[in-house]
Amino acid sequence: MTSEHMEIWHNPRCSKSRAAKQALDDAGVSYTERRYLEEPPTAQELRDILDRLGLEPWDITRTGEDEAEELGIAGWSRTAADREHWIETLAHHPKLIQRPIVAGDKGAVVARDEQSLKSVL
């Protein structure tokens, strides 16, 4: 059992998100559940989590969502100059954020599979 406290950006309607939450429960980890669709992250929180993930905003964007198609995201350029536009878009359209994101003392991951989640446990 670890004393580390973690946070999971969770969507209870997503099976991968539910599986990650169950894995945290099974591991006996203390965590805060953030229902990010109800409590969207700010642009600064997104910058912080992207730094922890070592990823760019387009790496955590669900480009297959209807909302992404409506915004034309597939055609957006992916350069350092575009980074803030992507971050602001994710802050205003949290449904486009990949899930679940799990963060703790050992780092952060998009925990879409068991191996990713184990890397931060």
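**Salt bridges, fold and a buried arginine**

Glu88 and Arg47 form a salt bridge in which the closest N and O atoms are 4.0 Å apart. This pair links distant parts of the chain, with Glu88 in helix 4 and Arg47 in helix 2 (residues 43-53), 41 residues apart. Both partners are partly exposed: the relative accessible area is 34% for Glu88 and 21% for Arg47. The model described here is predicted.

A search of the whole structure gives eleven salt bridges. One of them joins Lys21 to Glu33, with 3.4 Å between the closest N and O atoms. Lys21 belongs to helix 1 (residues 15-26) and Glu33 to strand 2 (residues 30-34), so this pair ties together parts that are twelve residues apart in sequence. Lys21 is partly exposed at a relative accessible area of 21%, and Glu33 is likewise classed as partly exposed, at 28% relative accessibility. A further salt bridge is made by the side chains of Arg83 and Glu56, at 2.6 Å from N to O. Here, too, distant parts of the chain are linked: Arg83 is in helix 4, whereas Glu56 is in the loop between helix 2 and helix 3 (66-71), and the two are 27 residues apart. Arg83 counts as buried, with 17% relative accessibility, while Glu56 is partly exposed, with a relative accessible area of 27%. Through shared partners, salt bridges join Lys21, Glu33 and Arg35 into one network.

The secondary structure of the protein chain consists of five helices and four strands. Along the sequence these elements follow the pattern β-α-β-α-α-α-β-β-α. The radius of gyration is 14 Å, close to the 14 Å that the globule rule gives for 121 residues, so the chain is as compact as a globular protein of that length. Taken along the principal axes, the C-alpha atoms fill a box of roughly 45 × 25 × 25 Å.

Of the 121 residues in the protein chain, 43% are buried. Among contacts between residues at least 6 apart in sequence, 65% join residues at least 24 apart. The chain exposes about 6500 Å², and carbon and sulfur atoms supply 45% of that area. The protein chain carries 16 positive and 23 negative charges, and the mean positions of the two sets are 5 Å apart.

Arg99 is placed in the loop between helix 4 (83-92) and strand 3 (101-104). This residue is buried yet has no salt bridge. The nearest side chain of opposite charge is that of Glu65, 4.5 Å away, which lies beyond the 4 Å within which a salt bridge is counted. With neighbours within four places in sequence left aside, Arg99 is in contact with Trp9, Asn11, Cys14, Tyr36, Arg62, Val110 and Arg112. Two arginines, Arg62 and Arg112, are thus among the contacts of Arg99.

The peptide bond from Arg99 to Pro100 is cis, with omega near -15°. Pro100 is also located in the loop between helix 4 and strand 3. The C-alpha atoms of Pro100 and Ser15 are 9.7 Å apart in space, although the two residues are 85 apart in sequence. Ser15 lies in helix 1 and is partly exposed, with a relative accessible area of 48%.

Asp105 is found in the loop between strand 3 and strand 4 (107-110). Asp105 is exposed, its relative accessible area being 65%. Between the C-alpha atoms of Asp105 and Ala19 the separation is 21 Å, and these residues are 86 apart along the chain.

Technical notes. Residues numbered from 1 in each chain as written. Predicted model: local features only at pLDDT ≥ 70, side-chain atom pairs only at ≥ 80, totals over all residues. Heavy atoms only, no water. Buried < 20%, exposed > 50% of the residue type's maximum accessible area, 1.4 Å probe, protein only. Lys, Arg positive; Asp, Glu negative; His and termini not counted. Contact = heavy atoms within 4.5 Å. Rg over C-alpha atoms; globule rule 2.2 N^0.38 Å. Areas by Shrake-Rupley, 256 points an atom, 1.4 Å probe, with all protein chains shown as cover. Charge placed at Lys NZ, Arg CZ, Asp CG, Glu CD.
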